[in-house]
Structures are given as structure tokens and as C-alpha cells.
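Here are my notes on the structure you sent over. Please read them with the structure open.

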Amino acid sequence: MTQQISLKKLTLLALPLLVASPWMPQWMLFMVTIAMANGLVGLGLMLFLRAGLVSFGQALYFCVGAYTTGLISHFFKFNEVLILLLLSALASGVLAFALGFLLAKYRAIFFGLLSLAFSMILYGLLAKSEALGSTDGFNIPAVTLLGWLPPSDLVRVSILWVAFITVGICLIFINGLIRSPRGLLLTAIRDNEIRTEYMGGSARKTIHLIYVIAGVLAGLGGAIAAIAVGHIDPTMAFWTTSGEFIFITILGGIGSVLAPFLGALVFGVIHTLAFSNSPNTWQLLIGSTLIFVILLLPDGLWSLTSKFKRVK
Amino acid sequence: MDQLLVVLVDGINYAAWLFLSAVGLTLIYGVMKIVNVAHGSFYSLGAYVSATVVGLWFRYGFDPYLSYLALFIAALLAGFVVGPPIERFLLRYQYDKDEVVILLITYGLFLILEDVIKLIWGVDPYFVSEPYELLGNFEFASMTYPSYYILMVVLALLVGLTLMFVLKKTQFGRMLISVIHDREISSAMGINVGKIFILTFGAGCSLAALAGAFTAPTISVTPGLGVEVIVLSFAVVVTGGLGSMAGVALASIIMGLVRAFCIHFAPELELFVIFSVMALVLSFRPRGLFSLAESRKI
């Protein structure tokens with residue numbers, strides 16, 4: 001079920017977007033950047049789904065990534081984007097490593113709800129800390145790319161490039177991971193954990209590993225989103241944010257590492273169009289889409305691509 | 001000393017609210033193994049229905065003291081009108097799927113219902129404080145406290161005891177317990193599992209609506225009400241042990257008291273403390289305080 005993607009294919013996909021990016025309207029650049037950020041979180045959730053787990057708390061790492069970037073650029077006046085991304089990934093990774101010792105022992109509903117609890121703890125802390133702007137959050141100053149401060153008309157393009165490069169690196173890494181023995185264990189754990197252990201594979205270690213990786217990915221996504229939006233607030237850790245990530249992942253499917261990004265783009269389009277046209281019914285649209293995808297297209301939008309191939 | 005008393009009363013009051021909000025969730029999980037995210041929407045539904053009913057009730061000048069009864073009936077009706085069709089026409093066909101997948105379906109339902117409520121009642125807040133003001137305050141030791149909260153505590157006790165009675169003493173309750181333990185054997189013994197499911201789902205939704213209906217007079221009824229409630233209910237239910245009635249009661253009391261204590265002595269921890277209790281309990285008892293043993297699939 002897993003499709004291989006090669007570096008060549010990836011470049012073919014990304015190149016037209018990169019070339020077209022300076023001519024895209026600003027809102028589209030923004031939408032694609034946010035979709036890349038959300039897709040990164042979805043990529044982590046995809047790893048969980050492969051192991052049969054759903055995390056209702058990926059917003060925790062999304063928010064940690066965003067706040068790491070925000071705090072460093074706001075309080076230390078340090079705004080080199082590549083370093084900020086690295087530090088955000090590191091902060092989320094360290095937290096995920098620590099919490100992973102606990103969460104790797106949980107399965108099914110309990111994994112989801114315990115991770116939900118941790119993200120709500122962070123939300124509760126941030127919403128009440130006045131130094132960080134309580135529920136209003138705070139703004140993030142403009143960032144530099146390798147010491148170059150992009151002029152205002154190039155800001156969005158340059159962030160999109162950074163997002164593309166980050167996503168590309170993550171894609172290559174995750175694509176390698178899910179075809180490695182460790183990655184193949186994920187599906188085995190979903191099918192039958194006890195037999196997996198009989199074979200000598202450690203379910204706990206595998207889940208701990210993907211928990212850290214998913215945390216790092218969500219942290220990167222959060223940092224990119226924070227820089228693109230230029231503002232952060234505690235709702236980034238609220239459970240509805242996690243819900244959106246789950247929607248993205250289910251919508252895209254788990255058949256390929258590109259699927260979450262497809263899901264994120266479709267979500268971005270729905271969000272942009274539906275939210276501006278009828279703000280009171282866009283959740284209705286999202287909810288019905290979610291149910292339809294689960295009932296009629298359980299492998300997500302990505303499964304359509306392989307259906308087309310078979311027809312050929 | 002006085003402050004401790006206030007904390008205690010606040011805690012019990014909050015515990016009653018938590019219990020009312022969460023008990024339907026655990027009932028549905030216990031019987032049907034569904035983690036119903038749409039529970040939060042039924043809470044808002046109850047609140048909005050109550051806002052409408054109370055508004056009409058007082059406009060037409062019916063006996064104000066009977067408005068509580070009207071609230072009660074309206075909430076039960078709301079739950080039983082909207083809940084069962086969802087079970088019958090959507091969820092019934094999903095029981096062979098994974099628990100987590102059903103959870104995601106109810107999450108979709110939650111999103112849909114949130115917007116349907118907005119479409120029906122609009123986005124402006126409703127204020128229906130008449131039933132709350134009607135009862136006035138009572139003096140206890142050296143403090144004054146709104147009497148309405150006694151009503152909430154009584155309601156929570158009533159709901160809890162009724163559920164206990166139904167489960168332990170009636171024929172329906174015994175059938176329910178046998179369905180909880182083994183769906184297949186129960187149906188082989190002649191129990192109509194489909195009927196039990198639809199009734200349980202309706203009852204669970206009604207309980208959520210009931211909590212919303214009786215909370216409505218104390219708050220401003222705005223969109224997004226259910227978003228907060230559902231996560232709090234999750235916290236209570238999971239801490240107590242999914243599917244355990246006694247667990248919900250105990251977890252509500254613990255969380256109610258802890259939160260009241262925090263509000264009085266460390267208000268900045270208010271939002272944070274409930275989920276910390278949940279994480280702490282789950283770290284030591286991975287399936288909650290009162291959890292049923294579960295068989296493993298080999």
C-alpha cells in the first residue's frame with residue numbers, strides 16, 4: 001500500500017511550485033505555507049495511524065515549536081530562521097522524548113486522551129501566563145534568512161521556500177523510515193502487537209521513536225506557522241487544533257508520505273474558501289467531509305491516485 | 001476556616017456540574033464502547049433549548065417555579081429527538097470498526113452539530129437568568145451563596161441515584177449489564193441489543209442536554225459552549241475509568257475540590273489543574289481509577 005517516492009519525483013512536484021511562487025498572489029503563498037506547516041504535523045500523525053494510534057494532542061508540539069520560535073525572537077531578539085527552526089525542533093523533540101517514556105505504554109483511546117491532557121495542560125498554562133500575553137498571545141518580529149532580511153514583498157515567498165526545504169528534508173527522512181524494518185513494525189503493531197513482540201520487535205521502543213519524530217515534525221510545523229502568521233497564541237495548543245490535524249491526516253490518508261500534504265492543501269482550500277464565504281457553516285463542511293471520507297474513502301484522498309494507476 | 005468552607009461548597013457545586021456533564025459520556029461508553037465527542041454538542045443543544053424554553057416560559061407568564069420542570073422535560077426531549085436517529089442511521093453501521101475510528105466519526109458529528117446549532121439559534125448570546133435569580137441566596141455560616149447551586153447538586157444526586165437504581169434493580173438495568181459484558185451472548189439470550197443501544201444513546205445524549213439546560217441560567221449561552229465541556233467531560237470520565245459510574249462520581253468530586261482549591265489559592269492554575277489530575281491519575285492507573293479488566297487479543 002505504501003507508494004515509493006523518489007527524490008526525482010519530489011523535485012518534479014516541488015519545482016513548478018517553487019518557480020511559480022514569486023508570481024503567486026500573497027494569500028495563496030500564505031495558504032500553501034500554512035498547508036506545509038500543517039502537513040508536517042499530519043506527517044507525524046500518519047506515523048501514529050500506521051501503528052493504529054490517534055493522538056489528540058499533537059497541538060502540544062505544534063504550540064511548543066511556535067512558542068520556542070516566538071520566545072527566542074521576541075525576548076532574545078534573535079531571528080535567524082534556520083536556527084529558530086532547529087531550536088523549535090529540538091525543544092519539541094526533547095519534550096516528546098521525556099513524555100514518550102509514559103505515552104509509549106498507552107494504546108487506543110488512552111493514548112489519544114492522555115496526549116490530549118498534556119496539550120490541554122500547556123494550553124492552561126499559557127492562557128494564564130500574563131508575561132506571554134495570556135489568551136491574546138504576542139507578535140513575532142520579522143525573521144532573517146541567513147542574515148538577509150527579505151523586503152516586505154518577498155517575505156511570504158522566502159518563508160514558503162524555507163517551508164519547502166524543511167518539508168523536503170522531512171519527506172526524504174520519513175520516506176526512508178517507513179520502509180525501514182523499524183517503520184514496517186508500525187503496521188505490524190497495529191495488526192497484532194503481541195505477535196510483533198514474539199517476533200522480537202519492541203512495540204514500546206518503536207512507538208517511543210515515532211512519538212519523538214512526530215513531536216519534532218509538529219514542532220517544525222508550529223515554528224513555520226508562527227513565522228508565517230507572525231503571531232502566536234495559546235489556541236495553538238487547544239484540542240480543536242489537534243482535531244484539525246487529525247482531519248488533515250484522515251483526509252489525505254496514510255498511503256504515502258505526500259498524502260498528509262495533499263490533505264493539508266485541500267483543508268487549506270476549504271478553510272480559505274468556506275471560511276470567507278460562510279464562517280458559520282464551515283465546520284459543518286469539515287465535519288461532513290470527515291464522515292464521508294471515513295465511510296466512503298477510508299484510505300483517504302491519496303488512495304484515489306493508485307486507483308487511477310490501476311485503470312491505466 | 002471560613003475560606004475552607006467556601007472552597008468546599010464551591011468544590012461540591014463544581015463537582016455536581018462535572019458529574020452531570022460527564023455521566024452520559026461514561027454511560028454510552030460503558031454500554032456501546034463509543035467515545036462520543038458529539039456529547040459536547042448535546043450539552044450546547046440542551047443549553048440553547050433551555051434558553052428558548054425559559055424565554056418563552058417567562059414571556060407567557062407561566063408559573064415561574066414550574067420552569068424547572070419545563071427545563072427538565074425540554075432537555076430530555078432534545079436528547080431523545082436528536083440522539084437516537086444518529087445512532088440508528090449512522091453509528092449502527094460502524095460497530096465493526098475500531099473504537100478510534102468511531103471516535104473520529106463522532107468528532108465529525110460534533111463539528112456538524114456545532115454549526116447546525118449556530119444556524120438555528122444564531123451567534124448572539126442568550127441570557128436566561130430568571131430561574132437562577134428566582135431562588136435567591138441562602139446564608140450558611142458566614143457566607144451567602146446562590147440557592148440555585150443547591151438545585152444543581154440535588155439534580156446531580158438525583159441523576160446518579162436514578163442511574164444506580166435502574167442499573168442495579170430493574171430488568172432493563174440487568175439486561176444493560178449483560179450487554180456490557182457480552183454483546184453477542186446477550187443477543188443470543190433474546191435481548192434486543194439494538195433497542196438497548198438506541199435507548200442508551202438517547203439517554204446519554206439527554207443527560208448531556210440536561211447538564212447544558214440547567215447550566216444555561218448561570219451563564220451566557222454562546223456558540224462554542226460544547227468545546228470546553230467535552231474535554232472536561234473526557235478528563236473526568238477517563239480519570240474515573242471509562243464506563244464506570246462510580247468512577248465518574250469520584251473523579252468529579254476530586255476534580256471539583258481540587259479546582260475550587262486552586263481558584264481560591266492559586267487562580268493562575270485553574271485551567272491547568274484538571275488535566276494535571278487526569279495525567280497524574282493515568283500515569284499511575286493507566287485505565288483510570290475504576291477500570292474493568294480487559295482481555296487481550298492474541
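The points below cover the core, the chain contact and one helix pair.

1. This is a predicted model: local features need pLDDT of at least 70, side-chain atom pairs count only at pLDDT 80 or more, and totals for chains, interfaces and linings use all residues. Residues are numbered from 1 along each chain as its sequence is written, and chains are lettered from A and ligands numbered from 1 in the order in which they are written.

2. The largest nonpolar core (buried Ala, Val, Leu, Ile, Met, Phe, Trp, Tyr and Cys joined through C-beta atoms within 7 Å; buried means 20 or more other C-beta atoms within 10 Å, with C-beta atoms placed from the backbone) has 207 residues. Among those with the most contacts inside it are Leu40(A) and Phe19(B).

3. Chain A puts 37 residues in contact (C-beta atoms, placed from the backbone, within 7 Å) with 39 residues of chain B. On the chain A side, α5 (108-128), α10 (239-252) and α12 (282-296) each give two or more residues. Helices here are DSSP runs (H or I, at least four residues), numbered from the N terminus. The largest share, 16 residues, comes from α5(A).

4. How do α2 (residues 26-50) and α6 (residues 155-179) of chain A cross? Their axes (lines fitted to C-alpha atoms over the stretch in contact, with angles from 0 to 180 degrees between N-to-C directions) come within 10 Å and cross at roughly 25°. That makes α2(A) roughly parallel (under 35 degrees) to α6(A). Leu40(A) is one of the α2(A) residues that meet α6(A).

Methods: A residue is buried if 20 or more other C-beta atoms lie within 10 Å of its own, exposed if 12 or fewer, and partly exposed in between; C-beta atoms are placed from the backbone. Two residues are in contact if their C-beta atoms, placed from the backbone, lie within 7 Å. Angles under 35 degrees count as roughly parallel, over 145 as roughly antiparallel, 65 to 115 as roughly perpendicular and the rest as oblique.
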